[in-house]
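Here are some notes to go with the model you sent round. I have numbered them so that you can reply point by point.

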Amino acid sequence: MAEYDFDLIIIGSGAAGLTIASGAAQLGVKVLLIEKEKQMGGDCLHYGCVPSKTLIKCAKVRHQMSKAESYGLPAPKLDPVDFSKISAHIKSVIETIQPHDSPERFESLGAVVRFGIASFTDAHTIALAPQDGGTPEHISGKIIVIAAGSTPSAPPFKGLDQVEYLTNETVFFQQSLPPKLTVIGGGPIAVEMAQSLHRLGSQVTLLQRSANILSKEDADMAEVVEQSLREDGINVITNSSIEEITKDGNQISVHYGTKEHPAQKVTSDNLLVALGRTPSVHALNLENAGVEFSKKGIPVDEKMRTNVPHIYAVGDITGKYQFTHAAGYEGGIVIANAVFKMPRKADYTLIPWVTYCDPELASIGYNEKRAKDAEIEYTVRTEEFASNDRALAENQPEGKLKLLQDNKGRVIGVQIVGIHAGELINEWVAILGGKVKLSTLAGAIHPYPTLGEINKKVAGSILSEKVFSPFTRKVLRTLFKYRGKA
């Protein structure tokens, strides 16, 4: 039997890598965790979830201050934002969370943590090169997990390589806001950043290729968000085609066209490119291990195995669901299969996700787009936030909840666009994951007034059609001689 330096080698210390390292080390597995950056925590902590949600909160507070009069309050005097202070605040939040993802914590659990650049020399051996260069060290592992994440995509726009532009890895740590900003992209990152930076003081133009922003969502739900962006004052341009990017002195011009106007230009002080992320596959020398990959990522089976059975891949690098919570879930799948040797398959049917714009847009299961693609027959039920007393009290009645049922009456998906949609979707995570009946939700006591009542109300409206049906009325009249209207 071959002897290896470690039972398990993990490349990458993002959500998936940390989940696996923590669980495996505590179970007595000899673990090596490798991180290419100077700190652990991955993109989520340093460039993604944590800094973006901190920035979004700063922008929302500023926006609410500007809307004070709509709450009957005196309008405050608002000085221009000093973005260096916001940047410092973002860094302080990251530093507060960082100890949870520190080498000391994971070493205390039993893992070995090393910093450096990892690449494969064969299917069981990693070459670990120092971050500052030097001779690599060769380390072998019985099982290897690739959790190396992703990087911002750089689209092949003519002239893009000739200008300095922002990505999600740089936008949070500027020292000043650009007076004018152009955002290319209409996905979650683009929408969140465009709205936040506009609310903090930038004049923002957003260019989106498709007919709607948030194009993976149903058009009617995305429209609520798009309307909010436009009301904020963001110039949202859809169906746009980028032709070229040029530098005009200290300004950047994006030349684009639409069907109605084929030759247009928008000029700004800076450019934010937010067109998704690219799996970090190329520096790993995966071909040395015989691992199949493409520019879309590393394909894996339902147990998160690559085509080489003892090598797993998880998180963004698979190109599947680029969410921190998906990566953590996949880490659990690896622990079950690689450590416990118990077959467990990943199931993404009920994976939830949230775009943290204002209003938020949250989803679980099928929306109408995905149901149609899967050729599933469905019906739709909606509830408006305008009918929720707490939403009215909060002065945020925009949005709705949309519930999909299949032809057997089973709930197959829920989408929510509105105030705190990301929190409201959690009740549906429990309901759908636990196979809770709608009658149970409709009969549950929700405190009044709360936003969560919208979940109860949509269940109640479905149940009421059965309870208050003509058949039920007829039976009751027959049994108990009631004399009301038939």
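1. Start with Lys402, a charged residue that is buried, with a relative accessible area of 1%. In this predicted model, the side chain of Lys402 meets that of Glu368 in a salt bridge, 2.9 Å from N to O. The two partners come from distant parts of the chain: Glu368 belongs to helix α9 (residues 368–373) and Lys402 to strand β20 (residues 400–406), 34 residues apart.

2. A second bridge worth a look joins Arg381 to Glu465, with 2.9 Å between the closest N and O atoms. Arg381 sits in strand β19 (residues 378–384) and Glu465 in helix α13 (residues 453–467), so this pair ties together parts that are 84 residues apart in sequence. Shared partners also turn some salt bridges into one network, whose members are Asp218, Asp220, Glu368, Lys400 and Lys402. The salt-bridge count comes to 18.

3. For a local pair, please turn to helix α7 (residues 219–232). Glu226 and Arg230 form a salt bridge there, their closest N and O atoms being 2.8 Å apart. Because they are four residues apart in this helix, about one helical turn separates them. Their surroundings can be compared through accessibility: Glu226 is buried, with a relative accessible area of 5%, whereas Arg230 is partly exposed at 36%.

4. Now the nonpolar interior. In soluble globular proteins, nonpolar side chains tend to be buried together. Here the largest nonpolar core holds 55 residues, and the ones that touch the most other members are Leu8, Val31, Phe120, Ile146 and Met304. Two or more residues come from each of these elements: β1 (6–11), α1 (15–26), β2 (31–35), β4 (117–122), β5 (125–129), β6 (137–146), β16 (311–313) and α8 (324–339). Another core, of 36 residues, lies apart from this one, and its members include Leu55, Phe172, Leu181 and Leu214.

5. What does Met304 touch, leaving out residues up to four places away in sequence? The list runs through Tyr312, Ala313, Val314 and Thr318, then Glu330, Ile333 and Val334, and ends with Ala346 and Tyr348.

6. Thr182 is a good residue to inspect in strand β8. Its relative accessible area is 0%, so Thr182 counts as buried. Beyond four places in sequence, Thr182 touches Thr205, Leu207, Val254, Val266, Ser268, Asn270, Leu271 and Leu272.

7. Gly186 is also worth your time; look for it in the loop between β8 (180–184) and α6 (188–200). Is Gly186 buried or exposed? With a relative accessible area of 4%, Gly186 is buried. Outside its neighbours within four places in sequence, Gly186 is in contact with Val191, Leu206, Gln208, Ile213 and Leu214. Gly186 and Ala274 are 88 residues apart in sequence, and their C-alpha atoms are 7.8 Å apart in space.

8. Another loop residue is Ser280, placed between β15 (277–279) and β16. Ser280 has 16% relative accessibility and so counts as buried, the cut-off being under 20%. Leaving out residues up to four places away in sequence, Ser280 touches Lys36, Ala148, Gly149, Ser150, Thr151 and Ile317.

9. On the cysteines, the disulfide count comes to zero. Cys58 is in no disulfide, and the nearest cysteine sulfur, belonging to Cys49, is 16 Å away; a disulfide would need the two sulfurs within 2.5 Å. Cys58 is buried, with a relative accessible area of 19%, while Cys49 counts as partly exposed at 28% relative accessibility.

10. Last, the surface. Phe471, Val475, Leu476, Leu479, Phe480 and Tyr482 make a nonpolar surface patch of about 630 Å². Leu479, one of these residues, is found in helix α14 (residues 470–480). At 56% relative accessibility, Leu479 counts as exposed.

Definitions and conventions. Residues numbered from 1 in each chain as written. Predicted model: local features only at pLDDT ≥ 70, side-chain atom pairs only at ≥ 80, totals over all residues. Heavy atoms only, no water. Core = buried A, V, L, I, M, F, W, Y, C linked by side-chain atoms within 4.5 Å. Buried < 20%, exposed > 50% of the residue type's maximum accessible area, 1.4 Å probe, protein only. Contact = heavy atoms within 4.5 Å. Patch = residues over 30% accessible without salt bridge, like charges linked within 9 Å, V, L, I, M, F, W, Y side chains within 5 Å. Areas by Shrake-Rupley, 256 points an atom, 1.4 Å probe, with all protein chains shown as cover. Salt bridge = Lys/Arg side-chain N within 4 Å of Asp/Glu carboxyl O.
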